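Q: I would like to learn how to read the computed features of a model. Can we go through one case step by step?

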Amino acid sequence: MSLIFGWGRRACVGRHVANASLWIAMTSFLATFSVRKVLDEHGKEIPVVPKFSIGLASS
Ligand code: HEM
C-alpha cells in the first residue's frame with residue numbers, strides 16, 4: 001500500500017477513503033453486471049476481435 005499512497009508522516013490521509021471507494025465501485029459493478037461474451041441468435045458466444053484505436057478512450 002505504501003508504494004502508491006506514500007509512507008511515514010506525509011502518507012496520504014485519504015488512503016482509506018480511496019481504498020473503500022474502489023472496493024465499493026468494483027463490488028457494485030460485479031454484483032450488478034454479468035461480464036461475458038455476447039451471444040448470437042443460436043446462443044453461441046461471439047468471439048471478441050481485439051482492435052486498437054488512437055486516443056485515450058474508446059467506445
Ligand atoms: C487512489 C487514490 C489516491 C492515491 C493514489 C493517493 C496518493 C497520494 C500520495 C502518493 C500522496 C503523497 C504522500 C507523500 O508525500 O509521501 C498523497 C497525499 C495526500 N492525499 Fe492522497 N491519494 C489518493 C486519494 C486521496 C483522497 C481520496 C484524499 C482525500 C479524501 C487524499 C488526500 C491526500 C492529502 C490531504 C495528502 C497530503 C498529506 C500530507 O502531505 O500530509 N488522497 N496521496
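The dialogue below takes the features of this predicted model in turn.

Q: How many helices and strands does the secondary structure of the protein chain come to?
A: The count is 2 helices and 0 strands. The helices are α1 (2–5) and α2 (15–32), with a loop between them.

Q: How does the radius of gyration of the protein chain stand against that of a compact globule of 59 residues?
A: The idea is to set the value beside the one from the globule rule, which depends on the number of residues. A compact globule of 59 residues would come out near 10 Å, whereas the protein chain has 19 Å. For the extents along the principal axes, the C-alpha atoms fill a box of roughly 60 × 30 × 15 Å.

Q: What percentage of the 59 residues count as buried?
A: A residue is buried when its relative accessible area is under 20%. In the protein chain, 3% of the 59 residues meet that. The exposed area of the chain is about 6,200 Å², and carbon and sulfur atoms supply 65% of it.

Q: Which protein donor does the iron atom of the ligand have?
A: Ideal angles at a metal are 109.5 degrees for four tetrahedral donors, and 90 or 180 degrees for six octahedral ones. Here the protein gives the iron atom a single donor, the SG atom of C12, at 2.2 Å. C12 sits in the loop between α1 and α2. Water is not among the atoms, so the site may look incomplete.

Q: Which residues form the nonpolar patch on the surface?
A: The members are F29, L30, F33 and V35, and together they have about 460 Å² of accessible area. V35 belongs to the segment after α2. It counts as exposed because its relative accessibility is 65% and the cut-off is over 50%. F33 is also exposed, at 51%. F29, at 42%, counts as partly exposed.

Q: How many aromatic pairs are there?
A: A pair of aromatic rings is described by the distance of the centres and the angle of the planes. The count in this model is 1 aromatic pair. The rings of F29 and F33 have centres 5.2 Å apart and planes at 40 degrees, so the pair is tilted.

Q: Where is P47 found, and is P47 buried or exposed?
A: P47 is in the segment after α2. With 58% relative accessibility, P47 counts as exposed. Its C-alpha atom is 7.0 Å from that of K37, the two residues being 10 apart along the chain.

Q: What separates the C-alpha atoms of R36 and A57?
A: The separation is 21 Å, for residues 21 apart along the chain. R36 has its place in the segment after α2, and at 61% relative accessibility R36 counts as exposed.

Definitions and conventions
Residues are numbered from 1 along each chain as its sequence is written. This is a predicted model: local features need pLDDT of at least 70, side-chain atom pairs count only at pLDDT 80 or more; totals for chains, interfaces and linings use all residues. Side-chain values use heavy atoms; hydrogens and water are left out. Donors are N, O and S atoms within 2.8 Å of the metal (3.2 Å for Na, K and Ca); water is not among the atoms, so sites may look incomplete. Helices (H or I, at least four residues) and strands (E, at least two) are DSSP runs, numbered from the N terminus. The radius of gyration is taken over C-alpha atoms; the globule rule is 2.2 Å times the number of residues to the power 0.38. Buried means under 20% relative accessible area, exposed over 50%, partly exposed in between (1.4 Å probe, protein chains only). Accessible areas come from the Shrake-Rupley method with a 1.4 Å probe; for residues, only the protein chains shown count as cover. Patches are made of residues with over 30% relative accessible area and no salt bridge: like charges are joined within 9 Å, nonpolar side chains (Val, Leu, Ile, Met, Phe, Trp, Tyr) within 5 Å. A salt bridge is a side-chain nitrogen of Lys or Arg within 4 Å of a carboxyl oxygen of Asp or Glu. Rings of Phe, Tyr and Trp (its six-membered ring) pair if their centres lie within 6.5 Å; planes under 30 degrees apart count as stacked, over 60 as edge-to-face and the rest as tilted.
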